[in-house]
Amino acid sequence: MINEKDQTLVADKRSDRSFDAIADHFEKKVYGGLKGEIRLAVLRRDIFEYTEQMSVNLGRPLRILDVGAGLAQIAIALAEQGHSLVINDISENMLTKAKKQAKTAADRVGTSLDITWYVCPYQELKDKLATDEFDLILCHALLEWLAKPAAIMDFFDQYLSINGVLSLCFYNPASFDYRNLIMGNFNLLDKTDYQADNKKSLTPNHPVARLEVESWLQQHDYKIVLESGLRVFHDYAPLKRGGHNDPEAVIRMELRYSRQAPYKWLGRYLHIMATCSG
């Protein structure tokens, strides 16, 4: 058994994960099929509904920061809508791909997009940001790859404006257990020290549980305004039949059940939006 002191030492040896070496693999694996389409569909619905109303209330485009943006699809779409974006990632290769998508988007709308790009760990952004307040901060699929995920809450406190909104999307460790229960991988679940066994794995070794994330938000005086599950059933169906063979129907059902309990808590990823009251 690993004691508390040993756990702290293990955590201290971790480093923030970069996907620079496997950017092509990441793009294909995460967004090359229906799983990626479901993920983006739920995030677009959740975020665009909220930002549209927020922009109307403020009477101006929003100032938005995307931390650990990866391919930055949601951020680029928000820039297309006329908002001002700062997009950050630790991986230069990931942002190179994102910049190509941004150019395509700019060509589509016929005007340049208001995007500033920073390749660096999020901890170094404080030396680069021209503004200290953002109306919206996006942080998607980053918590589970940070050596010290709870520490990013202080960063949010510093850069999110009063009444601003935080969009957190993170891997749900309960989904790992549930999927392996369904698949009968009991031997894997019996391994308390399980680690993904290759450098290309996109299954995080140190995911953060929903209740822990919610406790961080509560401690920092954030109010949760929305919670959704991403892929609440798609990944759990080993036998594809009926509606599973219709991608549009799958996305429609994922959207329908993504905000309903108890289904949303089964999502492979969870999306929480929370406001900062100061």
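Buried here means under 20% relative accessible area. The views below are taken from a predicted model.

**View 1. The open sheet of 7 strands.** The strand order is 3-2-1-4-5-7-6, with mixed pairing. Strand 3 (115-119) and strand 6 (222-230) are the edge strands; each has a single partner strand, so one side of each lacks a neighbour in the sheet. From one strand to the next, the twist averages 15°.

**View 2. Pairing of strand 1 with strand 2.** Residues 63-67 (strand 1) and residues 84-89 (strand 2) run in the parallel sense and are joined over 4 bridges. L65 has V86 of strand 2 as its bridge partner.

**View 3. Helix 5 on the sheet.** Helix 5, formed by residues 92-109, lies across strand 2 and strand 3. Relative to strand 3, helix 5 runs at about 165°.

**View 4. The buried and exposed sides of helix 9.** In helix 9 (residues 210-219), the buried residues are V213, E214, W216 and L217. These residues lie on the same side of helix 9 because they cover an arc of only 155° around the axis. L211, Q218 and Q219, on the other side of helix 9, are exposed.

**View 5. Surroundings of helix 9.** The cover over the buried residues of helix 9 includes helix 6 (152-159) and strand 5 (160-171). Strand 6 and strand 7 (269-276) are also among the covering elements. D221, just after helix 9, adopts a positive phi of about 65°.

Notes:
Residues numbered from 1 in each chain as written. Predicted model: local features only at pLDDT ≥ 70, side-chain atom pairs only at ≥ 80, totals over all residues. Heavy atoms only, no water. Pairing = 2+ DSSP bridges. Helix = DSSP H or I, 4+ residues; strand = E, 2+ residues; numbered from the N terminus. Axes fitted to C-alpha atoms, helices over the stretch in contact; angles between N-to-C directions. Contact = heavy atoms within 4.5 Å. Buried < 20%, exposed > 50% of the residue type's maximum accessible area, 1.4 Å probe, protein only. Arc of directions from axis to C-beta.
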